[in-house]
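Got the viewer open? Load the model, switch to cartoon, and follow along one selection at a time.

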Amino acid sequence: LSAALDIPEEDDPATLVLHVSEYQVRHGEVAAQLDDAIEDADRLAHQAIASSYTYATDLYNEGQLEQARVAFERAELLLRGDLGPRHVLVLLSLAEIERVQGNTEAAVGWLDRALAMAPTHRGALEARIAFAQGNEEPSLAAALLERLVSRLETSDKKVDVLRTIADESLKAARNAIGQA
């Protein structure tokens, strides 16, 4: 791609910024080369994301949380615009690092982003419910638990979650009555 667009090649990683308002029409052989280059760039991007995620996971497993955070943030940056499961997993990993380090607000922010992408993701729901219950947010906990019910496999688990929804809803009602 860099040769076709006359971009100098460097050893350092770089970001190519394309401006929509500026374009060139390429025909014939150059157009075919660009198609190949775009496919290569896409393949390399997928490899970079997988590599960053694997590296970040290894760092996390070794207990190197700050380095893992940086690597997961790099993977998250590479996944901007992607609403798929890989992005959700990266966000959950960042939330877990923040949780382990006691940064509740940051962890909740990552989880909320994950839930915005995948509203019924079981792991994200369970983690966010735990924070809602720990932060005395019974209305939010009940709403999230309601989403979780459909993701459960057994009737026993569903009954337990429905009981918890009732408990959280009663807490929310008591809080509302107290405020009124």
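Is serine 93 buried or exposed? Select it and turn on the surface: serine 93 is buried, with a relative accessible area of 15%, where buried means under 20% relative accessible area, exposed over 50% and partly exposed in between (1.4 Å probe, protein chains only). You'll find serine 93 in helix H3. Leaving aside neighbours within four places in sequence, serine 93 is in contact with Tyr53 and Phe72, contact meaning heavy atoms within 4.5 Å.

A quick word on ground rules. This is a predicted model, in which local features need pLDDT of at least 70 and side-chain atom pairs count only at pLDDT 80 or more, while totals for chains, interfaces and linings use all residues. Residues are numbered from 1 along each chain as its sequence is written, and side-chain values use heavy atoms, with hydrogens and water left out.

**Zoom out: the whole chain**

Colour by secondary structure and you get seven helices and zero strands. Helices here are DSSP runs (H or I, at least four residues), strands are E runs of at least two, and both are numbered from the N terminus. Along the sequence the pattern reads α-α-α-α-α-α-α. Buried residues make up 28% of the 180 residues. Of the contacts between residues at least 6 apart in sequence, 42% join residues at least 24 apart.

**Select 85–100 and 104–117**

These are H3 and H4, whose axes come within 8 Å and cross at roughly 165°. Axes are lines fitted to C-alpha atoms, for helices over the stretch in contact, and angles run from 0 to 180 degrees between N-to-C directions. H3 and H4 are therefore roughly antiparallel to each other; the bins are under 35 degrees for roughly parallel, over 145 for roughly antiparallel, 65 to 115 for roughly perpendicular, and oblique for the rest. H3 passes H4 in a left-handed crossing, meaning the near helix is turned anticlockwise from the far one by less than a right angle (clockwise would be right-handed).

Show sticks for the contact: on the H3 side the residues include Leu91, Leu92 and Ala95, and on the H4 side they include Trp110, Leu111 and Met117. By class, that contact has 11 nonpolar, one polar and three charged residues. Ala, Val, Leu, Ile, Met, Phe, Trp, Tyr, Cys and Pro count as nonpolar, Asp, Glu, Lys and Arg as charged, and the others, Gly among them, as polar.

**Into the core**

Next, pick Phe72, Leu148 and Val161: of the 35 residues in the largest nonpolar core, they touch the most other members. Such a core is a set of buried Ala, Val, Leu, Ile, Met, Phe, Trp, Tyr and Cys residues joined through side-chain atoms within 4.5 Å. H3 gives the most to this core, with seven residues. Stay on valine 161, which touches Leu145, Leu148, Val149 and Leu152, not counting residues up to four places away in sequence.

**Over to H6 and H7**

The axes of H6 and H7 come within 8 Å and cross at roughly 160°. That makes H6 roughly antiparallel to H7, and their crossing is left-handed. Among the contact residues are Ala141 and Leu145 of H6, with Ile165 and Ala172 of H7. The contact divides into 10 nonpolar, four polar and four charged residues.

**Last stop: glutamate 136**

Select the loop between H5 and H6 and find glutamate 136. Its phi is near 55°, a positive value in a residue other than glycine. Glutamate 136 is exposed, with a relative accessible area of 60%.
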